[in-house]
Amino acid sequence: MKDVTSEINLIALLPLILELLGLALVTLIDPYLEKKQRVRLLLNAVLIASLIAENIVSDHLIVHGDVPPARTLLAIYGYTVRPLVLLLFCSIVAPDKKHTIAWVLFGVNAAVNATALFSGICFWIENNRYHRGPLGYCCHIVSAVILLYILYLTFTAQEKKDRIRLIIPIFNVVLVFGAAVMDTFVAHTQSGITFLSIAMVTSALFFYIWLHLKFVHDHERALEAENRIRIMMSRIQPHFLFNTLSSIQALCRIDPERAFDVTEKFGSYLRSNIDSLDQPALIPFAKELEHTRVYSEIEMIRFPNVRVEYDVSDAGFSVPALTVQPLVENAIRHGVRIRREGIVTVSSRSTERFHEIVICDNGKGFDPEAVTAAGGTHIGIRNVRERIEKMCGGTLTVESGSDAGTTVTIRIPLNRT
């Protein structure tokens, strides 16, 4: 009879062992997993395997021996590690959070269960039987709270339009909760396999699938954003080159010698910077300033009444190429060139949270709502705003009014540069 039972135990254990080994293997070789997530998945696999081993040894001691100290240590380990597995699930769902409250609950649960070494306030083992004390459900309560916390993280960490991917985390929470209830209130055979063990192995596998699907989704979004940026760059670059060459052409009639010097300077600039203008990646703000200075110098020669000033106290960050220049171009062409003395000021500074760029002019102003409208003369502002948001996680705001000038403010988070 014992041989038959052992064979049944082995048959029941084999699928779980193979699943854990398979999870460990794919986690190790998957090139798309972040290092932290890979470590969490591997650690979870090890902890779940140790819980299965703890169940097997505990069941063996129940049947074959009366060793209360060993069973006490094993029970302390099992009740302590189960919430830890759930905590790792929290870190998988929301990897950037510290989960301080959950860790505090884990510590309290570990301390309460450790009292079994010298007190019966949590549990004790007598006559080879498990007895639950007043705090005997501490592990269950803490685990339930952490499961609810996982649900909270799942709903808050996911964007509304991606809510379909909440199915896997929610399913895992329900699965683990249901298994814990079954283990608590439904007797199981002395096989070393509990409902919770099966649920945790399954949840670990599903979380790996969830992470991989998340990567695929994020990768597709990144590609889509990159394609959009390339399209925007392909629109704005010819616009910039055409306007610059038009300015040089006009300058040829006013001051041919100066036009020759400016053309030579602009040609040298293009030779040294064409690579940065042809890519969607970020470039140093200092290079974008250089780019803007060349263009504004040409415009100031063409329009002697226009002056572009600079007040730069922070240049140690990066921006998308053709970020400041289109805004200065808008300020000159659609704002200050009609003034007797048109002034455009480009300034930058660092605050506690942002790198801040401000382009201010004393031009005729316009309706800021026109920036969001399709077409029109303010497509450059919309273009810059979209690239700042997608590439830097920053913001672009416009303040303007009729005959009151315009102020464009770009804020880029410090941690994005």
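**Figure 1. Glu356, a buried residue in a salt bridge with Arg349 and another with Arg411.** In this predicted model, Glu356 has a relative accessibility of just 7%, so it counts as buried, the cut-off being under 20%. One of its partners is Arg349, and the two side chains meet in a salt bridge at 3.0 Å, N to O. Arg349 is partly exposed, with a relative accessible area of 43%. The other partner shown here is Arg411, whose salt bridge with Glu356 has its closest N and O atoms 2.8 Å apart. This pair ties together distant parts of the chain: Glu356 sits in strand E7 (residues 354–361), while Arg411 belongs to strand E9 (residues 406–413). Along the chain, Glu356 and Arg411 are 55 residues apart. Arg411 counts as partly exposed, at 29% relative accessibility. As a bit of background, side chains of opposite charge can pair when their charged atoms come close.

**Figure 2. Arg307 and Glu309 in a salt bridge.** Now have a look at another charged pair. The closest N and O atoms of Arg307 and Glu309 are 2.7 Å apart. Are these two residues buried or exposed? Neither label fits: Arg307 is partly exposed, with a relative accessible area of 32%, and Glu309 is partly exposed too, also with 32%. How many salt bridges does the structure hold? The count is five.

**Figure 3. A nonpolar patch on the surface.** Which residues form this patch? They are Tyr137, Ile141, Val145, Phe177, Val181 and Phe185, and together they have about 600 Å² of accessible area. Two helices, H5 (138–157) and H6 (167–185), each supply at least two of the patch residues. H6 gives the largest share, with three residues. Tyr137 has its place in the loop between strand E2 (129–132) and H5. The relative accessible area of Tyr137 is 38%, so this residue is partly exposed.

**Figure 4. Helices H2 and H3 packed together.** Here you can follow helix H2 (residues 35–64) as it packs against H3. Their axes are 9 Å apart, and the angle between them is about 155°. That angle is over 145 degrees, which means H2 is roughly antiparallel to H3. H2 passes H3 in a left-handed crossing. Now zoom in on Leu88, which has its place in helix H3 (residues 68–93). Is Leu88 buried or exposed? With 8% relative accessibility, Leu88 counts as buried. The C-alpha atoms of Leu88 and Arg40 are separated by 6.3 Å, even though these residues are 48 residues apart along the chain.

**Figure 5. Helices H9 and H10 crossing.** Here's another helix pair to check out. The axes of helix H9 (residues 285–302) and helix H10 (residues 324–336) come within 8 Å and cross at roughly 20°. Because that angle is under 35 degrees, H9 counts as roughly parallel to H10. The crossing of H9 and H10 is right-handed.

**Figure 6. His99 and Asn128, each with a positive phi.** Let's finish with the backbone. Most residues other than glycine have a negative phi. His99 isn't a glycine, yet its phi is positive, near 55°. You'll find His99 in the loop between H3 and helix H4 (100–114). His99 has a relative accessibility of 5%, so it counts as buried. Asn128 is not a glycine either, and its phi is positive at about 60°. Where is Asn128? Its place is in the loop between strand E1 (123–126) and E2. With 17% relative accessibility, Asn128 counts as buried.

Technical notes. Residues are numbered from 1 along each chain as its sequence is written. This is a predicted model: local features need pLDDT of at least 70, side-chain atom pairs count only at pLDDT 80 or more; totals for chains, interfaces and linings use all residues. Side-chain values use heavy atoms; hydrogens and water are left out. Patches are made of residues with over 30% relative accessible area and no salt bridge: like charges are joined within 9 Å, nonpolar side chains (Val, Leu, Ile, Met, Phe, Trp, Tyr) within 5 Å. Accessible areas come from the Shrake-Rupley method with a 1.4 Å probe; for residues, only the protein chains shown count as cover. A salt bridge is a side-chain nitrogen of Lys or Arg within 4 Å of a carboxyl oxygen of Asp or Glu. Helices (H or I, at least four residues) and strands (E, at least two) are DSSP runs, numbered from the N terminus. Buried means under 20% relative accessible area, exposed over 50%, partly exposed in between (1.4 Å probe, protein chains only). Axes are lines fitted to C-alpha atoms, for helices over the stretch in contact, and angles run from 0 to 180 degrees between N-to-C directions. Angles under 35 degrees count as roughly parallel, over 145 as roughly antiparallel, 65 to 115 as roughly perpendicular and the rest as oblique. A crossing is left-handed if the near helix is turned anticlockwise from the far one by less than a right angle, and right-handed if clockwise.
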